[in-house]
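Hi,

Here is the structure I promised to pass on. Have a look at it first, and my notes follow below.

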Amino acid sequence: SQDKLPVFVSEEKLFLPLNWAPSSHILKFPNGDYQGLPANEVLMAQIANTVGVHTAEAKLHQVKDVETCLVSRYDRVETEDGVLRRLHQEDFCQAMGLPSSKKYQQEGGPAFSHCYKLLRDVSTEPAIDCDQLMKWFVLNLLIGNADAHAKNLSLLYHSDGSIRLAPFYDLVSTISYENLSRYMAMETGTVYDPGRIGPRQFDILARECGVRPAWLRNLVLEMAEKVAAVLDNDFNYLSADVFVYRRILPAARKQAKHIRNAFRQAAGKI
């Protein structure tokens, strides 16, 4: 797990909230086991937002000579007099009455279709939110994020009574870390290995979620094209950590292109 600290940001300065005052951001520190983790998360949040997967804003922030990741809190709303108020949220494990120890499907946690059906049933805007959720699932496969589990999904309860899917968070390309499992947190059509997931597995997922297989195949191909194109951008401005450019980006590029090529072939576009 990553060390993190709730902070309040004002005019580029960081403050520790006192006496239960709400924080505005989460500050995430580097992890000795996983090189370039703050930059990895910032990069994946940028890629997600670029391809239309609404993710909490993350940026790199120097604390003395340490590169950290500063994430905007989405469960806050500013009142007319400029005061921060908390919004109630619950992650998908909580919403399904499951303990946090059951966040991974292989350990008794929810399958993606369970998450999809939950959102379809409770969201005030199910069409918009379910579309976002499906894109999130596809994006995690494209960037090689094997840690996309049910506690990384949340419902946000707004003051007007509406219930919406929260912006996504904790998006990291885990595929480049050798000491982390490469198997996905949720299966795609009975398969956890990202190297073995293709159009047929998504056809099974489509049926489980009650969407048309042809629609989902088109969505995956469209997203794979976009993500592969964005990953080919030059991100050298982002971080001082060379691991990002030597390992993280190449691993994510390879994964996105692997999926893109499998779906191009199936669509007769190769």
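For the cavity linings I sorted residues by class: Ala, Val, Leu, Ile, Met, Phe, Trp, Tyr, Cys and Pro count as nonpolar, Asp, Glu, Lys and Arg as charged, and the others, Gly among them, as polar. One caution before the findings: this is a predicted model, with local features needing pLDDT of at least 70 and side-chain atom pairs counted only at pLDDT 80 or more, while totals for chains, interfaces and linings use all residues. Residues are numbered from 1 along each chain as its sequence is written, and side-chain values use heavy atoms, with hydrogens and water left out.

Cavities, then. On a 1 Å grid over the protein atoms alone, a cavity is a set of points where a 1.4 Å probe fits but cannot get out, and lining residues have an atom within 4 Å of a point. Points are joined across faces, edges and corners, and a volume is the space filled by probe spheres set on them. That gives three cavities of 30 Å³ or more.

The largest holds about 70 Å³. Its lining includes Trp136, Phe137, Asn140 and Met184, and by class the lining has seven nonpolar, three polar and no charged residues. The second largest comes to about 50 Å³. Here the split is seven nonpolar, one polar and two charged; Glu41, Thr55 and Asp170 are among the lining residues.

Now the sheet. Helices (H or I, at least four residues) and strands (E, at least two) are DSSP runs numbered from the N terminus, and two strands pair if DSSP finds at least two bridges between them. Five strands make an open antiparallel sheet, ordered β2-β1-β3-β5-β4. At the edges, pairing on one side only, are β2 (13-15) and β4 (58-63). From one strand to the next the twist averages 40 degrees, with axes fitted to C-alpha atoms (for helices over the stretch in contact) and angles running from 0 to 180 degrees between N-to-C directions. β1 (residues 4-10) is joined to β2 by three bridges, and Phe8 sits opposite Phe15 of β2. Helix α1 (residues 37-50) lies across β3, β4 and β5, at about 35 degrees to β5.

Last, α5 (residues 199-209). Its buried residues (under 20% relative accessible area, 1.4 Å probe, protein chains only) include Phe202, Asp203 and Leu205. Among the elements covering the buried residues of α5, by contact (heavy atoms within 4.5 Å), are α3, α4, α6 and α7. Just after α5, Gly210 has a positive phi of about 75 degrees.

Cheers

Note on methods. 1 Å grid on protein atoms, 1.4 Å probe; cavity = no way out; pocket = protein on both sides within 12 Å on 5 of 7 lines; lining within 4 Å. Buried < 20%, exposed > 50% of the residue type's maximum accessible area, 1.4 Å probe, protein only.
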